Amino acid sequence: MHQITRGQWNGYETLILHSDTLEATLLPALGCNVIRLWDKKAERDVLRTPAESDLDYYMTKPYHFGIPMLMPPGRIRRGLFSYAGVDYQFDQNTANDNHIHGLHRLQAWTVANESVQDEICSVTCTLLTAEDNNWTRQYPTPLELAMTLELSQGKLTQKLVIQNLSDTNAPFGFGTHTWFNIDGEPDRWNLKVPVTGIYELDEELIMTGRTEPLQAFDALNHGLKLTGTNFDTVFSIGEHKPEAWLTRDDGYRIRYAGNEPFFKHWVLYTRGEADEIICIEPYTWLPDAPNLPFDQETTGLIELKPNEPVELILDLDIINP
């Protein structure tokens, strides 16, 4: 039965989208993150889910749970860049005085619409960046963001629409930091992500502008067992379709895909050797994109033109054996 119900997480209201096979929990008041995806058939949490006791940690690093949205994703050297005559200075929030993971953290989004029809649950939330002083002092161009979360049977879809409300062009990058559980059983899981190369990182984990061959990671194109892997790696998808498959040895499968032509890069992250989680992160822009010696076709930097909305779509499918 498809329905939308209300819940609570540490006193903050959640919206829970239900299908016959999945439950997705959205937390609009703290970053509009999907904090839980429960697979009813497999009786497992698909994502790393914050417990009530994780509140302090969540408030510090909300991008460590569920499906957090990064605007923009990754690091920016010294947090500084210029675009179309406008200077942007993001907070320097890493040990090397760089910036990481964007301006979207704990903002309260407005629930603008919710509906259940034709076996699709849908919730739309909105955010005006001009109403967030912390955002505007770092990124002065006003944006309107609308995120629609849809649940239909075994598929969860996120649609983010970005509109530039100013009269000048502005740069934009988006990604998610999606935490997939592998349940302490990396030997049972393999990951297929069509990729063509690795972006070299310097000692501060920022792009050098050079690419490296895949070598052993070429196995990602066919299916790489996660045992012994240790990822904090940025990959190019080249001409491939932006679609990743995480498969367990009993045939349980997770498909994660973005819409073309926007999603051009994958980041894989295991937080040390793969054990409990693997983060599969689709990015539109390459970290530090505005400062790199590449054109926008390569970096994936999206130029937001005034009053021309851009729609970014991510599909997450759960396929039970």
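How much space lies in the largest pocket? About 460 Å³. The model is predicted, and the points below should be read with that in mind.

1. **Largest pocket: lining.** The lining of this pocket has 23 residues. R75, I100, H101, H177 and D232 are the ones nearest the centre of the largest pocket. By class, the lining holds eleven nonpolar, seven polar and five charged residues.

2. **Largest pocket: strands.** Three strands each give at least two residues to the lining of the largest pocket: β22 (232–236), β25 (265–269) and β26 (277–283). I100, one of the residues nearest the pocket centre, also belongs to a core of ten residues, taken up in point 9.

3. **Second largest pocket.** The second largest pocket contains about 270 Å³ of space. Its lining has 14 residues. Nearest its centre lie I237, G238, E239, K264 and E297. The class split for the second largest pocket is five nonpolar, five polar and four charged.

4. **Largest cavity.** At a threshold of 30 Å³ or more, the structure holds two cavities. The largest cavity has a volume of about 70 Å³. Which residues line the largest cavity? They are M71, P72, F81, F90, L103, W135, Y139, L143, P171, F172, G173 and W285. Eleven of these lining residues are nonpolar and one is polar, with no charged residue.

5. **Second largest cavity.** Here the space is about 40 Å³. N33, P62, Y63, P68, M69, L70, H104 and R105 line the second largest cavity. Its lining comprises five nonpolar, two polar and one charged residues.

6. **Salt bridge R44–D183.** A search of the whole structure gives 19 salt bridges. In one of them, R44 pairs with D183, and the closest N and O atoms are 2.8 Å apart. R44 lies in strand β5 (residues 44–45), while D183 sits in the loop between β17 (178–181) and β18 (189–192), so the pair ties together parts 139 residues apart in sequence. Is R44 buried or exposed? R44 counts as buried because its relative accessibility is 7%, under the 20% cut-off. D183 has a relative accessible area of 32%, so D183 is partly exposed.

7. **R188 and its two partners.** R188 forms a salt bridge with D249, with the closest N and O atoms 2.9 Å apart. The pair links distant parts of the chain, 61 residues apart: D249 is in the loop between β23 (243–248) and β24 (253–258), and R188 is in the loop between β17 and β18. R188 also forms a salt bridge with D250, where the closest N and O atoms are 3.8 Å apart. This second pair likewise joins the loop between β17 and β18 to the loop between β23 and β24, across 62 residues. Exposure of the three residues is as follows. D249 is exposed, at 54% relative accessibility. R188 is partly exposed, at 24%. D250 is partly exposed, with a relative accessible area of 35%.

8. **Salt-bridge network.** Which residues are joined into one network by salt bridges that share partners? K155, K241, E243, R255 and D317 are.

9. **Nonpolar cores.** The largest nonpolar core has 73 residues. W109, F180, L246 and I280 touch the most other members of that core. A second, separate core contains ten residues, including I100, Y199, V267 and Y283. For orientation, I280 falls within the span of β26 (277–283), and Y283 is the last residue of β26. V267 falls within β25 (265–269).

10. **The sheet.** An open sheet is built from nine strands, with antiparallel pairing. What is the strand order? The order is β11-β12-β13-β14-β28-β24-β23-β18-β21. β11 (110–117) and β21 (224–225) are the edge strands, each pairing on one side only.

11. **The β24–β28 pairing.** Within this sheet, six bridges join β24 to β28 (residues 310–319), and the two strands run antiparallel. The bridge partner of G258 in β28 is L314.

12. **Loops beside the sheet.** β18, β23 and β24 are among the sheet strands. The loop between β23 and β24 carries D249 and D250. The loop between β17 and β18 carries R188 and D183. The contacts of point 7 therefore tie R188 to both D249 and D250, while D183 pairs with R44 of β5.

Key
Residues are numbered from 1 along each chain as its sequence is written. This is a predicted model: local features need pLDDT of at least 70, side-chain atom pairs count only at pLDDT 80 or more; totals for chains, interfaces and linings use all residues. Side-chain values use heavy atoms; hydrogens and water are left out. On a 1 Å grid over the protein atoms alone, a cavity is a set of points where a 1.4 Å probe fits but cannot get out, and a pocket is an open set with protein on both sides within 12 Å along at least five of seven lines; lining residues have an atom within 4 Å of a point. Grid points are joined across faces, edges and corners, and a volume is the space filled by probe spheres set on the points. Ala, Val, Leu, Ile, Met, Phe, Trp, Tyr, Cys and Pro count as nonpolar, Asp, Glu, Lys and Arg as charged, and the others, Gly among them, as polar. Helices (H or I, at least four residues) and strands (E, at least two) are DSSP runs, numbered from the N terminus. A salt bridge is a side-chain nitrogen of Lys or Arg within 4 Å of a carboxyl oxygen of Asp or Glu. Buried means under 20% relative accessible area, exposed over 50%, partly exposed in between (1.4 Å probe, protein chains only). A nonpolar core is a set of buried Ala, Val, Leu, Ile, Met, Phe, Trp, Tyr and Cys residues joined through side-chain atoms within 4.5 Å. Two strands pair if DSSP finds at least two bridges between them.
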